[in-house]
Amino acid sequence: MNTQESHGSGPSHKSVEVGVAALVVLFGALAIVGSISAGIGWGAEGPKAGFFPFYIGVAIVISGAVNMWTALRPDAPGGIFAEWSQLRQVLLVVIPATIYAFAVGYIGIYVSSAIFIGWFMRWLGKYSWSTVAAVAIGMPLVVYFVFEKWFLVALPKGPIEQWLNL
């Protein structure tokens with residue numbers, strides 16, 4: 001569906017462009033501030049720790065400002081960016097994925113993955129509990145053997161894996 005022809009409601013193209021540009025400028029400004037505190041000059045040994053990040057931050061701020069200027073022009077694309085129902089569908093994936101990413105640090109990748117896979121298979125896919133259990137438990141086991149045993153790559157473990165001495 002072309003967003004220009006959509007008749008639903010949602011955030012405007014312009015507001016999304018301006019919001020993203022503002023976040024980019026903010027990110028670049030944070031990089032600049034952090035670089036200044038680390039030192040952006042030139043020392044006897046060469047550039048200080050913040051030298052290159054400072055200029056990357058400046059480039060990020062400039063690119064965000066250019067995007068902001070482009071979004072605020074009178075001839076910038078109009079219409080809605082996406083309908084609220086479409087954004088809701090995106091958030092139904094983004095929020096659990098974000099929770100999963102944070103959970104890996106606390107309960108390990110294997111338990112987090114089993115919960116994440118099981119949740120999506122049952123909630124979005126409407127698979128039977130037997131299929132959900134097989135895949136949600138089987139996939140982390142496959143990943144464990146491939147990475148931990150065959151490639152000898154340690155992945156983040158949580159308390160359950162430590163209790164099982166994996």
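Over the ring of which residue does the charged end of Arg73 sit? In this model, which is predicted rather than determined by experiment, the charged end of Arg73 is placed over the ring of Trp69, at 5.5 Å from the centre of that ring.

Aromatic side chains also meet one another, and the structure holds 11 aromatic pairs. One of these joins Trp42 and Phe51, whose ring centres are 5.3 Å apart and whose planes stand at 85 degrees to each other, an arrangement that counts as edge-to-face because the angle between the planes is over 60 degrees. The two partners differ in their surroundings: Trp42 is exposed, having a relative accessible area of 59%, whereas Phe51, with a relative accessibility of 17%, is buried, the limit for that class being under 20%. Both residues belong to a cluster in which ring pairs link Trp42 and Phe51 with Phe52, Phe54 and Tyr55.

Further along the chain, the packing of two helices can be followed. Helix α3, which spans residues 84-107, packs with helix α4, which spans residues 109-123, at an angle of about 160 degrees and with 8 Å between their axes. Because angles over 145 degrees count as roughly antiparallel, α3 is described as roughly antiparallel to α4, and the crossing of the two is right-handed. On the α3 side the contact is made by Leu92, Val93, Pro96, Ala97, Tyr100, Ala103, Val104 and Ile107, while α4 contributes Ile109, Val111, Ser112, Ser113, Ile115, Phe116, Trp119, Phe120 and Trp123.

How values were computed:
Residues numbered from 1 in each chain as written. Predicted model: local features only at pLDDT ≥ 70, side-chain atom pairs only at ≥ 80, totals over all residues. Heavy atoms only, no water. Phe/Tyr/Trp six-rings, centres within 6.5 Å; stacked < 30°, edge-to-face > 60°. Buried < 20%, exposed > 50% of the residue type's maximum accessible area, 1.4 Å probe, protein only. Lys NZ or Arg CZ within 6 Å of the ring centre and 35° of its normal. Axes fitted to C-alpha atoms, helices over the stretch in contact; angles between N-to-C directions. Helix = DSSP H or I, 4+ residues; strand = E, 2+ residues; numbered from the N terminus. Parallel < 35°, antiparallel > 145°, perpendicular 65-115°, else oblique. Left-handed = near helix turned anticlockwise from the far one by under 90°. Contact = heavy atoms within 4.5 Å.
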